[in-house]
Every structure is written in structure tokens, then in C-alpha cells.
Amino acid sequence: MKFTKQQIFTLLAFIIIVLSNCNNQSEHKSKGYTMAVDSELTLLMRDMYNYYDTLKADILKGDVLKDIKTFQDIHTAAATSPEKISNELYQGLASIYVNSAKRLNRPNVNKRDAFNLMIDNCMNCHQQMCPGPMVKIKKLYLE
Ligand code: HEC
């Protein structure tokens, strides 16, 4: 793939904006007080994490799983800064995640493999835009 200078510049500017926001937030938290109100997207991400953590336990128990959530709101939930989600990179990675979450609902799919593939897609987006939570997300993988 070839990029023009303009595209590379836009991408770099975007990554810098996104990373600085991610870091700011965790800084505030580590000091024990919260300056910024948590964004809609942050709250949604926490819900997603907790939901999939529970789902992981259900898969391990061998439960029959129905109507697994796909969290399509990640396309629209307000982030700490609007630039974070109003770009093709974010929206593209969000679609890939949503599709892999939908796949979990297919009747003949191996749930363990489909679950781990979905977590790969959480990790892919985070690697690009918000590496902080990766340590935590990694714990969701099924062995
Ligand atoms: C398309 C990109 C994308 C995908 C896919 C994605 N995330 Fe996120 N995630 C973000 C962004 C961006 C933030 C920071 C939110 C903000 O700044 O408003 C975030 C924040 C988080 C946080 C930190 C919340 C906090 O307490 O500060 C966790 C945990 C998290 N995501 C888990 C997940 C999990 C689990 C998945 C997969 C099921 C996932 N993410 C998929 C982009 C993504």
C-alpha cells in the first residue's frame, strides 16, 4: 500500500492526538482524583470488558450461549475527544470488531476460537489508538 504525504501527516497527527488523550486520562486517575468526566465510550468499554469477562466464564463452564451482545454503539459513543472516533481508522477497526462479535452468535462456530478472534480485534484497535488497557484486555483470552 502506498500513502501520500498528506495521508501520512493526517494519520500521524491523529495518532498523536489520540495517544495524548489516552495518557492524560490515566495520569489523572493514577493521582487518585478524576479531572475529566469519563466519556460515553470509556463507560461503554468498561461494560464491554465486564460483559466479556463474564461470557468467558460461561464459555469455560460450557453454557449454551444465546444473543451474545455485539456493542454496535462503539461506532457512535462519544469519546474523550470527537477526533478519536470520527475517522476511518477507528470506524474500520470498530466494524472488524463488531463483525467478529456477531460471528460468536453463529450456531456452528467454535465459541472458544471465535471469542479469542474477537479479543484479537479489541487488541488491534487498542494497539493503534489506546495501548494503555492492552495489559488488561489480554487477560480476557481463553486458554
Ligand atoms: C475501534 C477501536 C476499539 C475497539 C475495537 C475496542 N476499543 Fe476499547 N477503547 C478504545 C478507545 C478509543 C478507548 C478510550 C476511550 C475514550 O478515550 O473515550 C478505549 C478504552 C477501553 C478501556 C479503558 C476504559 C477505562 O476504564 O478507561 C478498556 C478496558 C477497553 N477499551 C476494553 C476493550 C475491550 C475488552 C474491547 C473488545 C471487546 C475493546 N476495548 C475494543 C477503542 C477501542
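Select Phe71 first, in the loop between α2 and α3 of this predicted model. Phe71 has a positive phi of about 50 degrees although it is not a glycine, and the backbone here deserves a look because most residues other than glycine have a negative phi. With 17 other C-beta atoms within 10 Å, Phe71 is partly exposed, since a residue needs 20 or more to be buried and 12 or fewer to be exposed.

Stay in the loop between α2 and α3 and select Asp67, which lies there too. Asp67 has a positive phi of about 50 degrees, and it is not a glycine either. Is Asp67 buried or exposed? Asp67 counts as exposed, because there are 6 C-beta neighbours inside 10 Å.

**The chain as a whole**

Now colour the protein chain by secondary structure: five helices appear and zero strands, so that the order of elements from the N terminus reads α-α-α-α-α. Of the 143 residues in the protein chain, 13% are buried. Among contacts with a separation of 6 or more, 63% join residues that are 24 or more positions apart.

**From the first loop into α2**

Move to Val37, in the loop between α1 (5-30) and α2. Val37 is exposed, because 9 other C-beta atoms lie within 10 Å of its own. A C-alpha to C-alpha line drawn from Val37 to Thr80 comes to 8.7 Å, although the two are 43 residues apart in sequence.

Next select Met45, which is found in helix α2. Met45 counts as buried, because it has 21 C-beta neighbours inside 10 Å, where 20 or more are required. Draw a second C-alpha to C-alpha line, from Met45 to Ile74, and it spans 8.2 Å between residues 29 apart in sequence.

**The ligand and its shell**

Met45 also leads to the ligand, since it is listed among the closest of the 25 residues that surround the ligand, together with Ala79, Tyr97, Cys122 and Cys125. Which elements give two or more residues to this shell? They are α2 (40-61), α3 (88-103), α4 (111-129) and α5 (134-138), and the largest share, seven residues, comes from α2. Colour the shell by residue class, and it divides into 16 nonpolar, six polar and three charged residues.

**Helix α3**

Take Tyr97 from the shell and show its surroundings: leaving aside neighbours within four places in sequence, Tyr97 is in contact with Ile74, Met118, Asn121, Cys122 and Cys125. Then extend the selection to the whole of α3. At 1.5 Å a residue its 16 residues should span 22 Å, and the end C-alpha atoms are 22 Å apart, which agrees.

Which residues of α3 are buried? They are Tyr90, Ala94, Tyr97, Ser100 and Ala101. Look down the helix axis with these five shown: they cover an arc of only 130 degrees around it, which puts them on the same side of α3. An α-helix has 3.6 residues a turn, so residues three or four places apart point the same way. On the other side of α3, Glu88, Gly92 and Asn99 are exposed, while the buried residues of α3 pack against α4.

**Helix α4**

Continue to α4, where a similar check can be made: at 1.5 Å a residue, its 19 residues should span 27 Å, and its end C-alpha atoms are 27 Å apart, in agreement with that value. The buried residues of α4 are Phe115, Met118, Cys122 and Met129. Seen down the axis, these residues cover an arc of only 65 degrees, and therefore they sit on the same side of α4. Rotate to the face turned away from that buried side, which carries the exposed residues Asp113 and Gln127.

**The nonpolar core**

Finish with the largest nonpolar core, which has 13 residues. Those with the most contacts inside this core are Tyr90, Ala94, Tyr97, Ala101, Leu104 and Met118, and α3 and α4 each supply at least two of its residues. In soluble globular proteins, nonpolar side chains tend to be buried together. With the core still displayed, return to Tyr97, which is listed among the closest residues to the ligand and among those with the most contacts inside the core.

Conventions: Residues numbered from 1 in each chain as written. Predicted model: local features only at pLDDT ≥ 70, side-chain atom pairs only at ≥ 80, totals over all residues. Near = placed C-beta within 6 Å. Helix = DSSP H or I, 4+ residues; strand = E, 2+ residues; numbered from the N terminus. Nonpolar A, V, L, I, M, F, W, Y, C, P; charged D, E, K, R; others polar. Core = buried A, V, L, I, M, F, W, Y, C linked by C-beta atoms within 7 Å. Contact = placed C-beta atoms within 7 Å. Expected span 1.5 Å × (residues − 1). Arc of directions from axis to C-beta.
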